Amino acid sequence: MDRTNTRSTGTVHFRLIIVSAISFFLGLQFSHLTALFQIDFSAGGLIDSHATEYMTWAPDEIEQAQRRNRGTRRRRKPNQSNAHKRKKKKNKPPPRYHDSNYTKESFEPLPWSLPKPSSTRYQTSEEFMADYIALKRKHNIPLPWEQDKYKEDKVTLPRPIIGLNFPKSASLTMSEYFACGGITSTHTTTQDGRIGICMMENHLKDKPPMEGCNAHRNRKKEETKPIEVIFDIGLQGPPCYYASLHDGGLENIAKHYPEGTIMLVTRNATKWFNSFEGWGGILKAWGQRSCGFDGSLEGEGMEYWNDLYMSNRSKRQYWLDFYEAHTQKIREFALKHLSLTYVEVELENDKMAEQLELYTGVKQSCVQVCHPGPHWIRKHDTTSKCHPPGEEPPEIDPDVENDDGT
């Protein structure tokens, strides 16, 4: 009987010990779970230490949400003193040569002129350059690319080099070409503002075309270099100014840079028009708005161009004639001002890169196909506006407005 009681008592004590151990363990887990559910599992609420300790306890949905939202934690509130300073920061004033200084009401279109057709208009660039070089030789005027003093230079042309191309006629391509050759080249603007405005104001004041906009300041190196090459030097305005179109513009270049270089890259007129027509609405400004290139201005030769403009319903043929007349005007000017160096190449000519290297000394591989503006970059999903010929990236977004052309 005593043995039975002793055995029963031992069993009870053993059971009590087991129950106590289980209760103790459960108490710990309850405390653990209480702490767990006090944690904020919302996006941004779970800090890294909690995530490491508790994520194995969390349901799969919470874990997946945390992984999706990792990195999207609330940003720190900006320092109030810094924010106050940012508010006080003033916008930079516009550069010296800026179109905000002009309005349509205050700017009167300047007189311009283009010649009527002659045989010079219909020559290819290669044919004209052959005649031009022959004329220089006839007058014993040396060609720069054949002179020893230029052979050791990065570019075998006198400076400044002023590109007279119309927009969408390889102006950016040529600016990048000379930059690749190692000299300071700029397109459309300088640190002082629009090249076209600078040239116009200097022209009207009888000053050198690039005075006040002919230097590039490298703030990191604390040095200033002269700008040796400019392209895309006009603007449709207001103000509207193109040195090769407006009366006296070319003469002002020859007067102040009698031994400089003027350069022209021509395109097939139809291809130029197709590229130019839908680009930024320039034709409207050219036609009637701020330029008056429809011949509506008073002056010698304007009646011819206005009749031509009014007789073309679509205006397409008018602008083709306008483009070719512009090339003719520059050619005729070059033939009369032989102290200047003139270089002309044709964009569609397969030998263009070879000819450029002959005239400039810059290697052919520096010729790239360049496209201005962000539309083309987005349309082709690329980060560069210039690529070697034949290596342009394929079009990936046909809905983006075309921005081809140079």
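These legends walk through several close-up views of a predicted model.

**View 1. Five strands line up in an open parallel sheet**. Reading across the sheet, the order is E2-E7-E1-E8-E9. Which strands form the edges? They are E2 and E9, each of which pairs on one side only. From one strand to the next, the twist averages 15°. Look for strand E1 beside E8: these two run parallel and are joined by three bridges. One spot to find here is Ile162, which stands opposite Ile262 in E8. Helix H13 packs on this sheet, where it touches E8 and E9, and its direction makes about 150° with that of E8.

**View 2. Strand E9 sits alongside strand E8**. Strand E8 covers residues 261-266, and strand E9 covers residues 341-346. They pair in the parallel sense over six bridges. To follow one of the pairings, start at Met263 and find its bridge partner in E9, Val343. How many residues of E9 are buried? Five of its six residues are, so to use the usual word, the strand is mostly covered.

**View 3. Strands E5 and E6 make an antiparallel hairpin**. Strand E5 (residues 215-218) and strand E6 (residues 223-226) pair over four bridges. Ala215 stands opposite Pro226 in E6. Four residues lie between the two strands, and in this hairpin Glu222 takes a positive phi near 55°.

**View 4. Helix H10 crosses helix H13**. H10 spans residues 269-276 and H13 spans residues 316-336. Their axes come within 9 Å and cross at roughly 120°, and the crossing is right-handed. From H10, the residues that take part are Ala269, Thr270, Trp272, Phe273 and Asn274. They meet Arg316, Trp319, Leu320, Tyr323 and Glu324 in H13. What kinds of residues make up this contact? Six are nonpolar, two are polar and two are charged.

**View 5. Phe178 is one of the best-connected members of the largest nonpolar core**. This core has 84 residues, and those touching the most other members are Phe178, Trp286, Phe293, Trp319 and Phe322. Helix H13 supplies the largest share of the core, nine residues. In soluble globular proteins, nonpolar side chains tend to be buried together. Which residues does Phe178 touch, leaving aside those up to four places away in sequence? The list is Val155, Leu157, Ile161, Ile183, Ser185, Val229, Phe231, Met263 and Thr360.

**View 6. Two prolines follow cis peptide bonds**. In one case, the bond joins Arg159 and Pro160, with omega about 5°. Pro160 is found in the loop between helix H6 (148-151) and strand E1 (161-163). In the other case, the bond joins Pro238 and Pro239, with omega about -5°. Here Pro239 lies in the loop between strand E7 (229-231) and helix H9 (249-256).

**View 7. Ala170 and Thr188 have positive phi values without being glycine**. For Ala170, phi is near 70°. This residue is found in the loop between E1 and helix H7 (171-180). Is Ala170 buried or exposed? Ala170 is buried, with a relative accessible area of 1%. For Thr188, phi is near 75°. Thr188 is found in the loop between strand E2 (185-187) and strand E3 (189-190). With a relative accessible area of 14%, Thr188 counts as buried because the cut-off is under 20%.

Conventions: Residues numbered from 1 in each chain as written. Predicted model: local features only at pLDDT ≥ 70, side-chain atom pairs only at ≥ 80, totals over all residues. Heavy atoms only, no water. Axes fitted to C-alpha atoms, helices over the stretch in contact; angles between N-to-C directions. Left-handed = near helix turned anticlockwise from the far one by under 90°. Contact = heavy atoms within 4.5 Å. Nonpolar A, V, L, I, M, F, W, Y, C, P; charged D, E, K, R; others polar. Pairing = 2+ DSSP bridges. Buried < 20%, exposed > 50% of the residue type's maximum accessible area, 1.4 Å probe, protein only. Core = buried A, V, L, I, M, F, W, Y, C linked by side-chain atoms within 4.5 Å.
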